Amino acid sequence: MSTVQDITSENAFTTQISSLPPTTTIIISFHTPWAAPCAQMSLILKTLASSYPPQSPPTISFLSLDAEALPEISESYDVTAVPFLVIQRDGKVLEKVSGSDAAKVRAAVERHAGKGGNTGKVGLPPALEVTRREDADGNAEQATSAEKKGEQGGGGGGLSKYAPGPNDPKTAPEMSSTEGQKEELETRLKDLVKAAPVMLFMKGTPSAPQCGFSRTIVGMLREQGVRYGFFNILADEEVRSGMKTFSDWPTFPQLYAGGEFVGGLDIVKEELENNPDFFADYVAAPKGKGGMAAPEEQKQSATASA
């Protein structure tokens, strides 16, 4: 049976990928040791891998990577949360799956690699099948036949059963324009990035980061003695989605200084390596004592001071 191979370095990842033929379907699982759902994903993958007999050359390969230990690889695949699954072949990403839903993971793998040799014994939930719901008279088959023939009436099937009744409204509800909502969101984001001289958009809060990248950047700001505001993007999906477009940056954390976008974790690291005094204008505390409360609109939410 196939197994899941742990990858511990960028060199090992590159070597493993290049050693596989272009026809091999590669399943890449990103995890972290502190995220509980990753343990479930690990079990799912091991069980799923066991259903595929080893072949030469291999038709499928399962790889497991620590997203925090190998940040450059994680960034290259736009990993923003764990567990995170990438399916690729011949250097092209075929599909990505976020989360540890066994049915979704198995469906995605089988969609691109086919079914394993003993999928009925691997202990995963069975794949869901879409079935036609029968009408009140049990005329599912009649409705199907009518649709195949392009008929619109007769029996209990066809489109006639969906005709509006006498009590239905005469017209469909008016669609509200989203243009005003977009403008309102953009105005809100412009205000947010200037809510403090240094603003960090992160997953979680400084006292309880919800991803390793956010935890790392919080530590860097604290070490530099920077006073900063933060926004927990997990508490507001509108801001989370909007900031990706507003900053033209697909991942988090995102850091702003003086209302201008600095970048993500890697960019901030580079700035400090090139210029140790990069945050000199924003230092308002002794080294190792940086931090600040959240912006005004989040003070009532589940956030905490750094």
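I would like to start with a single residue, T3, which, leaving aside residues up to four places away in sequence, touches A49 and F62. Please keep in mind throughout that what we are looking at is a predicted model. T3 sits in the segment before strand β1, and with a relative accessibility of 55% it counts as exposed, because the cut-off for that label is anything over 50%. There is also a proximity across the sequence to point out here, in that T3 and P54 are 51 residues apart along the chain, while their C-alpha atoms are separated by 8.8 Å.

Before I go further, let me give you the overall frame. The protein chain has 306 residues, of which 39% count as buried, and its secondary structure comes to nine helices and 11 strands. If we take the contacts between residues at least 6 apart in sequence, 70% of them join residues that are at least 24 apart.

Let me now turn to strand β3. One of the two contacts I named for T3 was F62, and F62 is also the residue in β3 that serves as the bridge partner of V4. That bridge belongs to the pairing of β1, residues 4-7, with β3, which runs in the parallel sense over four bridges. Strand β2, residues 25-31, likewise pairs with β3 in the parallel sense, in this case over seven bridges, and within that pairing F30 has L65 of β3 as its bridge partner. To get from β2 to β3 the chain passes through helix α2, residues 36-49, and this β-α-β crossover is right-handed.

How enclosed is strand β3 by the rest of the structure? Six of the seven residues in this strand, which spans 60-66, are buried, and so β3 is largely enclosed by what surrounds it.

Staying with helix α2 for a moment, I would draw your attention to how it packs against helix α4, residues 102-113: the two axes are 11 Å apart, and the packing angle is about 40°. That angle is why we describe α2 as oblique to α4, and the crossing in which α2 passes α4 is right-handed. If you want to find this contact on the screen, look for M41, I44, L45 and L48 on the α2 side, which meet A102, V105, R106 and V109 on the α4 side.

The other region I want to discuss is an open sheet of four strands, with the order β9-β6-β10-β11 and with mixed pairing. Its edge strands are β9 and β11, the latter covering 260-263, and each of these pairs on one side only. On average, and with direction ignored, neighbouring strands of this sheet are turned by 25° against each other. Helix α7, residues 212-224, packs on the sheet and touches β6 and β10, with its direction making about 160° with that of β6. Helix α9, residues 265-274, lies across β10 and β11, and it runs at about 90° to β11.

Within this sheet, strand β6, residues 198-202, deserves a slower look. As a general point, side chains in a regular strand alternate between the two faces of the sheet. Which residues of β6 lie on each side, and are they buried or exposed? V198, L200 and M202 are on one side, M199 and F201 are on the other, and all of them are buried, which leaves both faces of the strand covered.

L200 is a convenient residue for tracing the two pairings of this strand. On the one hand, β6 is joined by four bridges to β10, residues 254-257, and these two strands run antiparallel, with L255 of β10 as the bridge partner of L200. On the other hand, β6 pairs with β9, residues 229-232, in the parallel sense over four bridges, and there the bridge partner of L200 is F230.

I will finish with S214, which is found in helix α7. S214 has a relative accessibility of 0% and therefore counts as buried. Not counting residues up to four places away in sequence, S214 touches M202, K203, P209 and P253, and M202, as you will recall, is one of the buried residues of β6.

Note on methods:
Residues numbered from 1 in each chain as written. Predicted model: local features only at pLDDT ≥ 70, side-chain atom pairs only at ≥ 80, totals over all residues. Heavy atoms only, no water. Buried < 20%, exposed > 50% of the residue type's maximum accessible area, 1.4 Å probe, protein only. Pairing = 2+ DSSP bridges. Right-handed = clockwise from strand over helix to strand, strands pointing away. Axes fitted to C-alpha atoms, helices over the stretch in contact; angles between N-to-C directions. Parallel < 35°, antiparallel > 145°, perpendicular 65-115°, else oblique. Left-handed = near helix turned anticlockwise from the far one by under 90°. Contact = heavy atoms within 4.5 Å.
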